[in-house]
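Let's work through a few exercises together. Keep the viewer open and try each task before you read its solution.

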Amino acid sequence: MATDTAPDEKVHTHEEKIERLEHTIDYLKKAIEDLQRSQDEQMQHFEGRFQKLEGMQSCSTLAKQPKEFRGTKVVMDRGANHDLHPGPIDESVLTLQYDHRSTAIWRGQEFEPLTCRRCDGAFWRLGELDSRIQCLMIQAGFYGVYKAGHIQLDHALITALVERWRQETHTFHLPVGEATVTLQDVSIMWGLPIDGEPVTGHDIARTTEEWQEMCEELLGFRPPLSAFDSGRLKLKSIEDHFEVEPLQPDAPDHVVQFFARARILQLLGGLLLPDASNNKVKLMFLPLLRDFEAAGKLSWGSAVLASLYRALCRATKSNVDGVCGPLVLLQLWAWERIPLIRPERLAPRQQPPFFVGDRDQPLPAGPYGARWDVGFKLEKVGMHVLVVYRDMLDCMKDDQFVWQPYADIITSLPDCCLSGRDIWQTVSPLICFDVVELHYPNRVLRQFGQHQGIPAECDTIKELHSVDRRGRQNTDWVQHHKQYVDMWADRHARVVCESPVDGPMDYSDPYMIWYRRITRLIIGNPANRTDSGYQGVGGVIELMAQSLQRIYYCCSDAIDQGGEVSRSDILREIQDLCKHALTGAHEDRRLTLRPDLAQPAPIAATIVGPSQVKRRRPRRGGKMGLSIGDRLAFNSADISSPYASTPSSSLAPPYHSPTHSHEVFTPDAEPYVALSASAAPEVAHEDFSSAEHLGTVAIPVESKVEPDTSLAEPVDTMNVATPHVSRHDSSSIPPVLNTTQPNILELDNMVGAIATEPSTEMFVTLNSTVEDDLIMSCLENSQRPKLKKRKAKS
C-alpha cells in the first residue's frame, strides 16, 4: 500500500512547489515594478525641484540688476512677467504639483487616454436576473447598482478628470472651484448602503484547498486550481459554471443564494471594487456575503468611494497609463454636474415588470443613475476626444457647473438612495480592508447648497497610498487601521454644516481669491501646438483675459498716480503686455503690419439676395429710369429697407447703405469710381454720347482718370442715371441731383431711395435712341454685341 500512495504524495508535493514558485515569481515581478515606479517618481521629483531652483535663481539674478534696467515705477514692477502662469502661485496646498501629470502636460509631453480597466461585460450579458436573485440583492444592498444598468466608459473623459484630481485634497480642481464625488453621489446614483460598519476584517491567508472548500460552501461549486491566484478567483470560472447550470424555476433557496452570491461577486470584481488584473475578484469579500442581511448592514458605499479615490490618486502620476476602479460612478457624477460634456439622452428603455413572491409585490424602482441607461444623441457634444474635454474644462465658467443636481428630485428617490443621508457630510475616513482614504465634504459645501469658506488645512496622509495587501498576508486590517476605524465609528459627530446659500459665488469672494492662488487653473499649454487635430483655446482665452486685466489696472494706476508715472513708461508697459499676449496666442505676425482702423458703417438694409439682370429687349418709348431699373433690378423686392413701409413723398428719406454698396446690388461687378459729366469725355475708350443727360457716370478704376481725392478711401458705386431737372421742380428731387460732383454717401442714399420707392416722377422721358445709347453704356462689354445685333434686326 505504501508503494502505491507514495507517488501520489510526491506528485502533490511537486504541484504545491510549482504553485508556490509561481507565487514567488509574481511577487518578485511586482516588487521590481514597485521599485521602478519609486525610482521614476524620485527622478520626477528631483527634476521638478531642479526647475524650481532654476526659476528662483533667475528671479534672484533679475533682482540684482541695476534699477535702470529693472524699472522704477510701480506699474512696471507688477507687469514684469507677462507669461501665462498655470498655477499654483501659492504652493502651500498643492505640494505634489511637480509629480502631477498636469506638469508633464504643460511641459509638452503628450499622453494617450488612460486605459480604464473593467470586467463586468459578462454580467450585463446575462440579461434580466431572476426576481428571487434580485430580492437577495436588495437585502445585501447591491440592487441599485444592478438597476443602474450598463454604462459605456468614455476613457478620454475619465482621463481629463484625472488631470484635475488632486491627491492633496481628494477633490477636482476646476476653474470654478473644488468639487468631488461624495457619499451623497454614491447613495443617490447607485443606492449603495452608506451608514453602516466599514468593509474590513481579518484577511486570513488560506491555502488553495481552503478557498476551494469555501467556494463549494457559498457558491455551490469547486473551481479548479488554475482558477486561483493568491486569494483571488478568476471571474471566467464563475461565468462558465453558472452558464452551464442556469437557475431552475423550482430551485431551492440555497441554490438561489449560490446564484445571488455569484452575481454579487461579478459586480464586485468587475465594476465596484475591481482588481488591477482586470479578470479576477478578491475572495476576501466572499465571507462577507454568507449572510445577506448582515451584508446589507455594511457600508459598501464608503468602500466603493475609497476605491475610487485610491484609483484617481494613483492615476495622477505621469508614468501611469491605466486606471482601475468604480469609474462608472465618476462618469455619472460628471454627466450630472457638467452640462458641457453631458450627452443628450434618448427615451428611456422599457423594463419588463417583475414581481416578488406569491403576493405579486412589485420590485422597487432603480436609483437616480438608472436614467443614464439609455441611448444618446451626439449632435451637440463630442465624446472620446481627450483634447476637447481638456479644453472644455479649461474654459469652464461659473454657470457651467451644476452644484446641486439633485435638489429638485431628492424627495422622489427610493429609500435605498436616502438611507445614509445623515452622514453625507461627515469628515471621516473611507475604509475597504487595506484601502483608507479621507472624505472631505467641507471643501465642497456648495455641492450641498451651503456657504463655502476658505477650508482648513487637510492631510490625506500620503503614506496611506503605499499600503496594500502585497506582502501582508494574514493581516487583521481592523487592528492595522484601528484609528481610522474608530474615526468612522464616530462619523455622526464629525458631520460639518454651514449656512445655506442660493446663487453663484461672486468672482471677488474671499474663497475664490484664495482658490485662484493655490490651484492650477489651466491644463493645456497654449504654447504647445500639434500639427493636426483639435487645438485647444482655453489657455489662449485665459492669456488674453489676464493681459486685458493687467492693461486695465495699468491704466487705472496711471490715472490715479497722475504725474508720478511718465506716459512713456505706461505706453511701453501696455505695448509689452500686448506683445506677450499676441505671442502666446500665436498671433505675433499681426505685429508686422499696422491694422486698418477704419470701421464699416452699420448695415441698415436686409439683403435678400443678389439682383438678377433681365435679358429682354427694352421697350420703345418707355421711361428711361424704369428701363434701367429693370435691368439693374433696383426694386423693393430685392432690397428691404427701413423706409419701405413709409408712404412715398417727393423727398425720399436717407438710405443708410453699407460702405461697399456694389456688394449689395451687383456682387460680380468690377470696382468703379464716380466722375462728373465734365470729366467723362476724357475717357477715350468709352462711348458717352449721352453724357449731357447724366449727372455722373461710372468707369473702371483701371482707367487713366484719377478718383476724387476728397473721399477718405476708394469707394465703389453703381451706374446711376440722373434725371433731367429742367422739367421738374427742384424741391421734389433729392439734393444730390443738383450737384455736379455728389458725395458718395449722398449718392448711396439716393440709390437706396430709388430702390425702396421707385417713382416715375424722378425720371425724364427720352427718345428711343438716347435710351438705347444709355443702355449700351451701362451694359457689360460681353452683352453689347447681342444688343447691337437685336437692334440691327429690328
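## Exercise 1: the nonpolar core

Task: find which residues Phe 142 touches, leaving out those up to four places away in sequence.

Solution. Step one: look around the Phe 142 side chain, where you meet Met 137, Leu 192, Ile 264, Leu 267, Leu 268, Leu 272, Leu 289 and Trp 300; contact here means heavy atoms within 4.5 Å. This is a predicted model, in which local features need pLDDT of at least 70 and side-chain atom pairs count only at pLDDT 80 or more, while totals for chains, interfaces and linings use all residues. Residues are numbered from 1 along each chain as its sequence is written, and side-chain values use heavy atoms, without hydrogens and water.

Step two: zoom out to the largest nonpolar core, which has 125 residues. Such a core is a set of buried Ala, Val, Leu, Ile, Met, Phe, Trp, Tyr and Cys residues joined through side-chain atoms within 4.5 Å. Buried means under 20% relative accessible area, exposed over 50%, and partly exposed in between (1.4 Å probe, protein chains only). Phe 142, Trp 190 and Trp 300 touch the most other members.

Step three: another core lies apart from this one, with eight residues, including Leu 94 and Trp 514.

## Exercise 2: the cysteines

Task: decide how many disulfides the structure holds, and whether Cys 215 is buried or exposed.

Solution. Step one: a disulfide is a pair of cysteine sulfur atoms within 2.5 Å, and the structure holds zero of them.

Step two: Cys 215 has 0% relative accessibility, so it counts as buried. Cys 497, at 57%, is exposed.
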